[in-house]
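Please open the model in your viewer and keep the sequence panel beside it, so that each selection can be followed in both places. The tour moves from one stop to the next, with a short account of what is there.

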Amino acid sequence: MTVEQIRRNIGIQLKKIRHHRGMSLDDIAKLTDVSKAQLAQMEKGESNPTVSTIWKIADGLKISFSSLLQPPKSIVNKISSSEIPFLTEDEGRYRVFSIIPYDPERGWEFYRIEMDPLCSYESVPHMDGVEESLTIVEGSMKLILATEEVSLEKGDTLVFSGNQVHRYENSHGTMTVMHLIIHYQIV
(Lines give C-alpha, C1' and ligand atoms only; values in the text may rest on other atoms or scores of the structure.)
Protein backbone atom coordinates (compact mmCIF):
# COMPACT_ATOMS: atom_id res chain seq x y z
CA MET A 1 0.00 0.00 0.00
CA THR A 2 1.40 3.38 -0.98
CA VAL A 3 1.70 6.45 1.24
CA GLU A 4 -0.99 8.05 -0.92
CA GLN A 5 -3.38 5.15 -0.24
CA ILE A 6 -2.68 5.36 3.49
CA ARG A 7 -3.36 9.13 3.46
CA ARG A 8 -6.61 8.51 1.57
CA ASN A 9 -7.68 5.75 3.99
CA ILE A 10 -6.99 7.96 7.01
CA GLY A 11 -9.08 10.74 5.46
CA ILE A 12 -11.97 8.43 4.59
CA GLN A 13 -12.00 6.73 8.00
CA LEU A 14 -11.68 9.98 9.97
CA LYS A 15 -14.50 11.63 8.03
CA LYS A 16 -16.68 8.49 8.31
CA ILE A 17 -16.21 8.38 12.11
CA ARG A 18 -16.81 12.12 12.47
CA HIS A 19 -20.05 12.01 10.45
CA HIS A 20 -21.24 8.81 12.14
CA ARG A 21 -20.84 10.48 15.55
CA GLY A 22 -22.25 13.82 14.39
CA MET A 23 -19.07 15.63 15.36
CA SER A 24 -17.38 18.72 13.95
CA LEU A 25 -13.65 19.10 13.33
CA ASP A 26 -13.59 21.37 16.41
CA ASP A 27 -15.10 18.57 18.51
CA ILE A 28 -12.45 16.12 17.36
CA ALA A 29 -9.65 18.66 17.84
CA LYS A 30 -10.71 19.12 21.47
CA LEU A 31 -10.79 15.38 22.13
CA THR A 32 -7.49 14.60 20.42
CA ASP A 33 -5.29 17.67 20.92
CA VAL A 34 -4.72 17.70 17.14
CA SER A 35 -5.42 21.02 15.43
CA LYS A 36 -8.57 21.53 13.41
CA ALA A 37 -6.42 22.57 10.42
CA GLN A 38 -4.40 19.33 10.54
CA LEU A 39 -7.56 17.24 10.91
CA ALA A 40 -9.08 19.00 7.87
CA GLN A 41 -5.92 18.29 5.84
CA MET A 42 -6.03 14.67 6.94
CA GLU A 43 -9.67 14.29 5.87
CA LYS A 44 -8.73 15.65 2.44
CA GLY A 45 -5.78 13.23 2.20
CA GLU A 46 -3.34 16.14 2.09
CA SER A 47 -1.39 15.41 5.28
CA ASN A 48 1.21 12.82 6.28
CA PRO A 49 0.47 12.45 10.00
CA THR A 50 3.07 10.93 12.33
CA VAL A 51 2.50 7.75 14.30
CA SER A 52 2.12 9.91 17.43
CA THR A 53 -0.58 12.06 15.79
CA ILE A 54 -2.56 9.00 14.73
CA TRP A 55 -2.30 7.62 18.29
CA LYS A 56 -3.63 10.93 19.67
CA ILE A 57 -6.63 10.69 17.35
CA ALA A 58 -7.23 7.01 18.11
CA ASP A 59 -7.00 7.54 21.87
CA GLY A 60 -9.14 10.70 21.80
CA LEU A 61 -11.87 9.00 19.77
CA LYS A 62 -11.53 5.70 21.70
CA ILE A 63 -10.84 3.75 18.52
CA SER A 64 -7.96 1.57 17.40
CA PHE A 65 -4.90 2.91 15.65
CA SER A 66 -5.25 0.57 12.68
CA SER A 67 -8.89 1.45 12.04
CA LEU A 68 -7.68 4.81 10.69
CA LEU A 69 -5.25 3.17 8.25
CA GLN A 70 -7.42 0.54 6.66
CA PRO A 71 -9.74 0.73 3.65
CA PRO A 72 -13.37 -0.31 4.19
CA LYS A 73 -13.66 -3.92 5.36
CA SER A 74 -14.59 -6.76 2.98
CA ILE A 75 -15.89 -10.26 3.72
CA VAL A 76 -12.65 -12.04 2.78
CA ASN A 77 -9.37 -10.23 2.95
CA LYS A 78 -6.07 -11.73 1.85
CA ILE A 79 -3.26 -9.70 3.29
CA SER A 80 -0.49 -9.36 0.73
CA SER A 81 2.83 -8.14 2.10
CA SER A 82 3.10 -5.54 -0.68
CA GLU A 83 -0.22 -3.99 0.36
CA ILE A 84 0.30 -3.74 4.11
CA PRO A 85 0.04 -0.10 5.20
CA PHE A 86 2.92 1.23 7.25
CA LEU A 87 4.13 4.40 8.85
CA THR A 88 7.57 5.49 9.97
CA GLU A 89 9.15 7.47 12.81
CA ASP A 90 12.71 8.26 13.87
CA GLU A 91 13.75 9.31 10.35
CA GLY A 92 12.41 6.06 8.87
CA ARG A 93 14.27 3.77 11.27
CA TYR A 94 11.04 2.74 13.05
CA ARG A 95 8.43 1.12 10.79
CA VAL A 96 4.93 0.04 11.89
CA PHE A 97 3.03 -2.34 9.57
CA SER A 98 -0.69 -2.69 10.29
CA ILE A 99 -1.24 -6.34 9.37
CA ILE A 100 -4.61 -7.14 10.95
CA PRO A 101 -6.69 -4.07 11.75
CA TYR A 102 -8.90 -3.73 14.78
CA ASP A 103 -12.32 -5.33 14.71
CA PRO A 104 -14.67 -4.81 17.68
CA GLU A 105 -15.69 -8.46 17.65
CA ARG A 106 -12.04 -9.53 17.97
CA GLY A 107 -11.05 -6.73 20.33
CA TRP A 108 -7.45 -6.65 19.10
CA GLU A 109 -5.16 -5.61 16.24
CA PHE A 110 -1.85 -7.04 14.99
CA TYR A 111 1.31 -5.21 13.87
CA ARG A 112 4.78 -5.98 12.62
CA ILE A 113 7.37 -3.47 13.80
CA GLU A 114 10.87 -3.11 12.38
CA MET A 115 13.52 -1.15 14.24
CA ASP A 116 16.84 -0.36 12.61
CA PRO A 117 20.01 -0.29 14.75
CA LEU A 118 20.13 2.60 17.25
CA CYS A 119 16.41 3.28 16.83
CA SER A 120 14.25 4.51 19.67
CA TYR A 121 10.51 5.15 19.75
CA GLU A 122 8.47 6.46 22.68
CA SER A 123 4.78 5.67 22.64
CA VAL A 124 2.23 7.88 24.33
CA PRO A 125 0.03 6.16 26.91
CA HIS A 126 -3.01 4.48 25.39
CA MET A 127 -6.47 4.53 26.95
CA ASP A 128 -7.20 2.48 30.07
CA GLY A 129 -7.81 -1.19 29.36
CA VAL A 130 -5.26 -1.47 26.53
CA GLU A 131 -2.87 -4.40 26.84
CA GLU A 132 0.13 -4.91 24.56
CA SER A 133 1.74 -8.28 23.81
CA LEU A 134 4.97 -8.20 21.87
CA THR A 135 7.16 -11.03 20.63
CA ILE A 136 10.68 -10.54 19.32
CA VAL A 137 10.99 -12.28 15.94
CA GLU A 138 14.53 -11.13 15.07
CA GLY A 139 17.20 -9.28 17.04
CA SER A 140 16.78 -7.86 20.51
CA MET A 141 15.51 -4.71 22.19
CA LYS A 142 14.78 -3.01 25.47
CA LEU A 143 11.35 -1.87 26.61
CA ILE A 144 11.44 0.99 29.09
CA LEU A 145 8.38 1.53 31.27
CA ALA A 146 7.83 4.04 34.06
CA THR A 147 8.86 1.55 36.75
CA GLU A 148 11.16 -0.89 34.97
CA GLU A 149 13.29 -1.81 31.97
CA VAL A 150 12.95 -5.18 30.27
CA SER A 151 15.52 -6.62 27.87
CA LEU A 152 14.09 -8.93 25.24
CA GLU A 153 15.79 -11.39 22.90
CA LYS A 154 14.59 -13.35 19.88
CA GLY A 155 11.65 -15.55 20.90
CA ASP A 156 10.83 -13.58 24.07
CA THR A 157 7.27 -12.32 24.63
CA LEU A 158 6.21 -9.55 26.99
CA VAL A 159 2.68 -8.55 28.01
CA PHE A 160 2.16 -5.13 29.63
CA SER A 161 -0.39 -2.39 30.20
CA GLY A 162 -0.32 0.12 27.34
CA ASN A 163 -1.82 2.97 29.38
CA GLN A 164 1.63 4.22 30.41
CA VAL A 165 4.50 5.88 28.56
CA HIS A 166 6.66 3.16 27.08
CA ARG A 167 9.77 3.32 24.92
CA TYR A 168 11.18 0.72 22.55
CA GLU A 169 14.96 0.84 22.07
CA ASN A 170 17.21 -1.09 19.72
CA SER A 171 20.74 -0.22 20.83
CA HIS A 172 22.27 -3.13 18.92
CA GLY A 173 23.91 -3.33 15.51
CA THR A 174 21.19 -5.42 13.84
CA MET A 175 17.57 -4.81 12.94
CA THR A 176 14.92 -5.86 15.45
CA VAL A 177 11.60 -7.23 14.22
CA MET A 178 8.69 -7.71 16.59
CA HIS A 179 5.07 -8.73 16.37
CA LEU A 180 2.72 -6.66 18.47
CA ILE A 181 -0.87 -7.41 19.44
CA ILE A 182 -2.84 -4.58 21.01
CA HIS A 183 -5.86 -5.84 22.91
CA TYR A 184 -8.61 -3.39 23.83
CA GLN A 185 -10.31 -4.34 27.10
CA ILE A 186 -12.21 -1.09 27.35
CA VAL A 187 -13.36 -0.50 30.91
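The stops below take in a pair of helices and then a loop between two strands, in what is a predicted model.

Begin by selecting residues 3-21, which form helix α1, together with residues 36-43, which form helix α3; the axes of these two helices come within 7 Å and cross at roughly 115 degrees. Since angles of 65 to 115 degrees count as roughly perpendicular, α1 and α3 are therefore described as roughly perpendicular to each other.

Next, show the side chains at this crossing: α1 contributes Arg 7, Ile 10, Gly 11, Leu 14, Lys 15 and Arg 18, while α3 contributes Leu 39, Met 42 and Glu 43. Sorted by character, the residues of this contact between α1 and α3 comprise 4 nonpolar, 1 polar and 4 charged.

Now move to the loop between β1 (86-89) and β2 (94-103), and select Asp 90, which has its place there. The phi of Asp 90 is near 50 degrees, a positive value in a residue other than glycine. Most residues other than glycine have a negative phi.

Then select Glu 91, which lies in the loop between β1 and β2, and whose phi, near 55 degrees, is again a positive value in a residue other than glycine.

Before leaving the loop, display the surface and ask of Glu 91: is this residue buried or exposed? Glu 91 is exposed, with a relative accessible area of 79%, whereas Asp 90 is partly exposed, at 21%.

Definitions and conventions:
Residues numbered from 1 in each chain as written. Predicted model: local features only at pLDDT ≥ 70, side-chain atom pairs only at ≥ 80, totals over all residues. Heavy atoms only, no water. Axes fitted to C-alpha atoms, helices over the stretch in contact; angles between N-to-C directions. Helix = DSSP H or I, 4+ residues; strand = E, 2+ residues; numbered from the N terminus. Parallel < 35°, antiparallel > 145°, perpendicular 65-115°, else oblique. Contact = heavy atoms within 4.5 Å. Nonpolar A, V, L, I, M, F, W, Y, C, P; charged D, E, K, R; others polar. Buried < 20%, exposed > 50% of the residue type's maximum accessible area, 1.4 Å probe, protein only.
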